[in-house]
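Open your viewer and keep the sequence panel beside it. We will go from stop to stop, selecting a few residues each time.

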Amino acid sequence: IDKLKVDQSFVREVTREPNDAAIVVAIITMAHSLGLNVIAEGVETQGQLEYLRSHGCDEMQGYFFSHPVPVGDFEKMLRSGRKLALNGQADGSWQRTLLLLDDESNVTTALTRLFLHEGYQILVAHSPAEAFELLASHRVGVILSDQAMPEMSGIEFLSRIKRLYPEVMRMVLSGYTDLKLVAEAFNRGTIYKYITKPWDDGEMLSSVKEAFLEHEGRCSRKLRAE
C-alpha cells in the first residue's frame, strides 16, 4: 500500500464542518507519517481543493477538474496539457485580507467603501456558504460578520471558523445587542470584538486595524514556536 484515499463523504463538507475537517487533516497527517500519499475523492469546488492543498493533500480527483468524458475528449484533454488554476492560498502568499459577511448588499457596499483606501484585500460574501468557500481559497486575516442571517447566526458561523481557522480574527456586527449572547461568545473565545449597527466609521477602522495587528502577532508567535 502506497496511497490512501480520503472518502468523498468527508471531503464534501471539509470547508464548513469542523469535525469533517479535523478527520481529513488527521488522515493526511497519519498517512504522511506512514510514508503514504493521500488522494482526496470527490473534490468539486475551488475551496475544497485549496483547503486540501493547504493541509498537504497530495492528489485529488473529482468533478472540479472534469466530469467523466468520452475517450476522444479524454485524449484531447491530455494533449492540451490542461491544468488546474491555483491561487496563492497554499503557497504562502499573504497580504491583509478582510472578509465581509452580511446578507444585505447595502451593508457590504458601505463597508467596502469605508475600507477602500486602507490597503486591504476585501472579500465580500452574502451568505455563510459563500464565506466558507472564500475562506478556503484565501488567506484571510480578519472576518467581520453580521449576526442576524437566515442560514445561521454570525456567532454560530464564527464558532465554526474558530475551529477551522483559529488564527483568524473574528468580529461580529449587529443591529441589536443581546448582552448574554455576546458575553458567552467572548468567554468561549468565539469573537474578538462586537460592533453595533450603525457603526462609527472611526471606531470601525481602528478596530479592524487592531484586529490585523493582533492576527499578525499571533502568526509571528506561531512561526517562532514551530
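In which loop is P198 found? Select the stretch between β8 (193–196) and α9 (201–225), and P198 is there in the loop. Helices and strands here are DSSP runs (helices H or I with at least four residues, strands E with at least two), numbered from the N terminus. Now show the backbone: the peptide bond from K197 to P198 is cis, with omega near -10 degrees.

A word on what you are viewing: this is a predicted model, in which local features need pLDDT of at least 70 and side-chain atom pairs count only at pLDDT 80 or more, while totals for chains, interfaces and linings use all residues. Residues are numbered from 1 along each chain as its sequence is written, and side-chain values use heavy atoms, leaving out hydrogens and water.

**Next stop: the sheet**

Select β1 (3–6) and β3 (59–60), the edge strands, each of which pairs on one side only. They belong to an open sheet of three strands in the order β1-β2-β3, with parallel pairing; two strands pair if DSSP finds at least two bridges between them. Add β2 (residues 37–40), which is joined to β1 in the parallel sense by four bridges. Zoom in on L4 and you will find V38 of β2 opposite.

Keep the sheet on screen and bring in α2, which packs on it and touches β1 and β2 (contact means heavy atoms within 4.5 Å). The direction of α2 makes about 180 degrees with that of β1; axes are lines fitted to C-alpha atoms, for helices over the stretch in contact, and angles run from 0 to 180 degrees between N-to-C directions.

**Then: α2 beside α7**

Select residues 18–33 for α2 and 154–164 for α7: their axes come within 9 Å and cross at roughly 10 degrees. That makes α2 roughly parallel to α7 (angles under 35 degrees). Show side chains for P18, N19 and A21 in α2, which meet R160, R163 and L164 in α7.

**Last stop: α6 beside α7**

Leave α7 selected and add α6 (residues 128–137); the two pack at an angle of about 15 degrees, with axes 12 Å apart. Their crossing is right-handed (the near helix is turned clockwise from the far one by less than a right angle). On α6, pick P128, A131, F132 and L135; on α7, pick F157, R160, I161 and L164, and you have the residues that make the contact. They divide into seven nonpolar, no polar and one charged.

Key
Angles under 35 degrees count as roughly parallel, over 145 as roughly antiparallel, 65 to 115 as roughly perpendicular and the rest as oblique. Ala, Val, Leu, Ile, Met, Phe, Trp, Tyr, Cys and Pro count as nonpolar, Asp, Glu, Lys and Arg as charged, and the others, Gly among them, as polar.
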